[in-house]
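Morning, everyone. I have one structure to show, and I'll keep it quick. Let me put it on the screen.

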Amino acid sequence: MTKRTDITKALSQAPFSEAKRSQAAGSSGHMFTALLFALFVIALLLAVVAGTNVYRNLNDTRSGADEARLGLTLLANNVRANDAADAIAAGTGPEGRSLVLVERLDSGTYETRIYRHEGNIVEEYALADAAYTPEKAVVICPSDVFDFSYGNGLLTITTDQGSADVALRSVSEA
């Protein structure tokens with residue numbers, strides 16, 4: 001009978017141990033799936049963070065380039081807007097030469113003076129015979145360089161941001 005008892009005992013425990021093994025295998029399968037999902041989520045988050053940093057850096061670079069060109073573009077557009085016969089002249093500002101855009105109106109002659117002052121290029125609008133007053137000038141852009149030259153109907157303005165060439169229409173009127 002001992003043999004029979006041992007077989008009965010073994011048979012009665014076999015399904016239970018098989019169920020335990022099956023349950024343990026299922027538990028480790030769920031654990032693997034959860035770890036794989038967590039790894040996927042972490043990889044996605046890292047990709048989003050990396051993409052955000054790349055976008056931020058590209059946007060900062062683009063903004064910096066746009067700002068650098070903005071000052072020079074404003075200067076060139078100001079000259080184009082005031083282009084008339086005998087409207088472009090050179091003057092002497094507080095820190096060197098100034099580009100003077102002359103405007104003759106019924107109420108008098110006015111000047112838009114563009115010059116360098118304390119590391120900035122500034123623009124001042126005043127009566128033609130008034131003294132330079134940098135305190136009243138509007139800052140156009142930061143620059144340690146401001147120079148201009150004129151030849152063959154082409155005005156070239158140079159700043160830290162580069163050079164801009166402006167073809168003056170008023171030359172054909174003279």
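One definition before we start: a residue is exposed when its relative accessible area is over 50%, and buried when that area is under 20%. Also keep in mind that this is a predicted model.

Now, take Phe40. Which element holds it? Phe40 lies in helix α1, which spans residues 2-81. Is Phe40 buried or exposed? Phe40 has 52% relative accessibility, so it counts as exposed. And Phe40 has company. Together with Phe37, Val41, Leu44 and Leu45, it forms a nonpolar patch on the surface. The accessible area of that patch adds up to about 510 Å².

Next, the opposite case: Ala126. This residue sits in strand β4, residues 120-127. Its relative accessibility is 12%, so Ala126 counts as buried. What does Ala126 touch, leaving aside neighbours within four places in sequence? The answer is Tyr110, Glu111 and Arg113. Look at Glu111. It is 15 residues from Ala126 in sequence, yet their C-alpha atoms are 5.5 Å apart.

Now step back to the whole protein. We have two helices and eight strands. Reading from the N terminus, the order is α-β-β-β-β-β-β-β-β-α. There are 174 residues, and 25% of them are buried. The exposed area is about 12,000 Å², with 60% of it supplied by carbon and sulfur atoms. One last number, on contacts with a separation of 6 or more: 33% of them join residues 24 or more positions apart.

That's my tour. Over to you.

Definitions and conventions
Residues are numbered from 1 along each chain as its sequence is written. This is a predicted model: local features need pLDDT of at least 70, side-chain atom pairs count only at pLDDT 80 or more; totals for chains, interfaces and linings use all residues. Side-chain values use heavy atoms; hydrogens and water are left out. Helices (H or I, at least four residues) and strands (E, at least two) are DSSP runs, numbered from the N terminus. Buried means under 20% relative accessible area, exposed over 50%, partly exposed in between (1.4 Å probe, protein chains only). Contact means heavy atoms within 4.5 Å. Accessible areas come from the Shrake-Rupley method with a 1.4 Å probe; for residues, only the protein chains shown count as cover. Patches are made of residues with over 30% relative accessible area and no salt bridge: like charges are joined within 9 Å, nonpolar side chains (Val, Leu, Ile, Met, Phe, Trp, Tyr) within 5 Å. A salt bridge is a side-chain nitrogen of Lys or Arg within 4 Å of a carboxyl oxygen of Asp or Glu.
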